[in-house]
Amino acid sequence: MIKVLVVDDSPFIHKIIKIVAEKRFSDINISSAMNGKEAIDFLESNNADVVIMDIEMPVMDGLTAIKHIMETKPLPIIVFSAATKKIANLVMKAFDLGAVDVIEKPETQNQTEVETFIEKVLFHRIRI
């Protein structure tokens, strides 16, 4: 079982990732956090094999959370963020802090298209 912690302030992203995991991957278990602080709190008492993390979130942003996680409980972290081209300097900082991959969220809000993208792009990276 691959334990995945999804850290994103978008309930839509949590919902879609969980739907795709439950429909198509019996070996992936999804946990959720709405911001970096919740992720750190979760990881203090729970395990994850990989973290999917947004960069821009309230309370604690993804970069701060990545830095803390890599210092205390290093894990593979995939940054899954919108408009990565617009925030290229933050993306480079995420790599510097230890992120293993960066994937730009699809711009569409069409649930079927987002599900397909998550299955083919995001979960493909997790299962490698």
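This is a short walk through one protein chain, from its overall fold down to a few individual residues.

Let me say at the outset that what we have in front of us is a predicted model, and that every value I quote is computed from it. The protein has 5 helices and 5 strands, and if you read along the sequence you meet them in the pattern β-α-β-α-β-α-β-α-β-α. The radius of gyration is 13 Å, which is close to the 14 Å that the globule rule gives for 128 residues, so the protein is as compact as a globular protein of that length. Taken along the principal axes, the C-alpha atoms fill a box of roughly 35 × 35 × 25 Å.

A few totals for the chain may help before we go to the details. Of the 128 residues, 46% count as buried, and the accessible surface comes to about 6,600 Å², with 52% of that belonging to carbon and sulfur atoms. If we take the contacts with a separation of 6 or more, 71% of them are accounted for by residues 24 or more positions apart.

Let me turn to the sheet. The 5 strands form an open sheet in the order E2-E1-E3-E4-E5, and the pairing is parallel. Strand E2, residues 28-33, and strand E5, residues 101-104, stand at the edges, and each has a single partner strand, so one side of each is left without a neighbour in the sheet. From one strand to the next the twist averages 20°. As a general reminder, the strands of a sheet pair through backbone hydrogen bonds, either parallel or antiparallel. At the E5 edge, E4 and E5 pair in the parallel sense over 4 bridges, and in one of these contacts between strands Ser81 has Glu104 of E5 as its bridge partner.

At the other edge, we can look at Ile28, which is found in strand E2. Ile28 has a relative accessible area of 8%, and because the cut-off for buried is under 20%, it counts as buried. Ile28 and Ile2 are 26 residues apart in sequence, yet their C-alpha atoms are 4.7 Å apart in space.

Now to the helix that covers this part of the sheet. Helix H2 lies across strand E1 (2-7), E2 and strand E3 (50-53), and runs at about 150° to E1. Which residues does Leu43, in this helix, touch beyond those up to four places away in sequence? The list is Leu5, Ala48, Val51, Ile69, Lys73 and Leu75. Leu43 lies in H2, which spans residues 36-45, and Leu43 is buried, with a relative accessible area of 6%. For a separation in the other direction along the chain, the C-alpha atoms of Leu43 and Lys18, 25 residues apart, are separated by 19 Å.

Next, the aromatic rings, where the count comes to 1 pair. In general, such a pair is described by the distance of the centres and the angle of the planes. Here the rings of Phe80 and Phe117 have their centres 6.3 Å apart and their planes at 15°, so the pair is stacked. The pair links distant parts of the chain, with Phe80 in strand E4 (residues 77-81) and Phe117 in helix H5 (residues 111-127), 37 residues apart. As for how the two residues are covered, Phe80 is buried, with a relative accessible area of 1%, whereas Phe117, at 21%, counts as partly exposed.

I will finish with the region that runs from E3 into H3. Val59 is placed in the loop between E3 and H3, and its phi is near 70°, a positive value in a residue other than glycine. Most residues other than glycine have a negative phi, which is the reason for pointing this one out. Is Val59 buried or exposed? At 71% relative accessibility, Val59 counts as exposed.

Gly62, by contrast, has its place in helix H3, residues 62-72, and at 0% relative accessibility Gly62 counts as buried. Leaving aside neighbours within four places in sequence, Gly62 is in contact with Met53, Asp54, Ile55 and Met57. The C-alpha atoms of Gly62 and Met92, 30 residues apart along the chain, are separated by 13 Å.

Terms used: Residues are numbered from 1 along each chain as its sequence is written. This is a predicted model: local features need pLDDT of at least 70, side-chain atom pairs count only at pLDDT 80 or more; totals for chains, interfaces and linings use all residues. Side-chain values use heavy atoms; hydrogens and water are left out. Helices (H or I, at least four residues) and strands (E, at least two) are DSSP runs, numbered from the N terminus. Buried means under 20% relative accessible area, exposed over 50%, partly exposed in between (1.4 Å probe, protein chains only). Contact means heavy atoms within 4.5 Å. Rings of Phe, Tyr and Trp (its six-membered ring) pair if their centres lie within 6.5 Å; planes under 30 degrees apart count as stacked, over 60 as edge-to-face and the rest as tilted. Two strands pair if DSSP finds at least two bridges between them. Axes are lines fitted to C-alpha atoms, for helices over the stretch in contact, and angles run from 0 to 180 degrees between N-to-C directions. The radius of gyration is taken over C-alpha atoms; the globule rule is 2.2 Å times the number of residues to the power 0.38. Accessible areas come from the Shrake-Rupley method with a 1.4 Å probe; for residues, only the protein chains shown count as cover.
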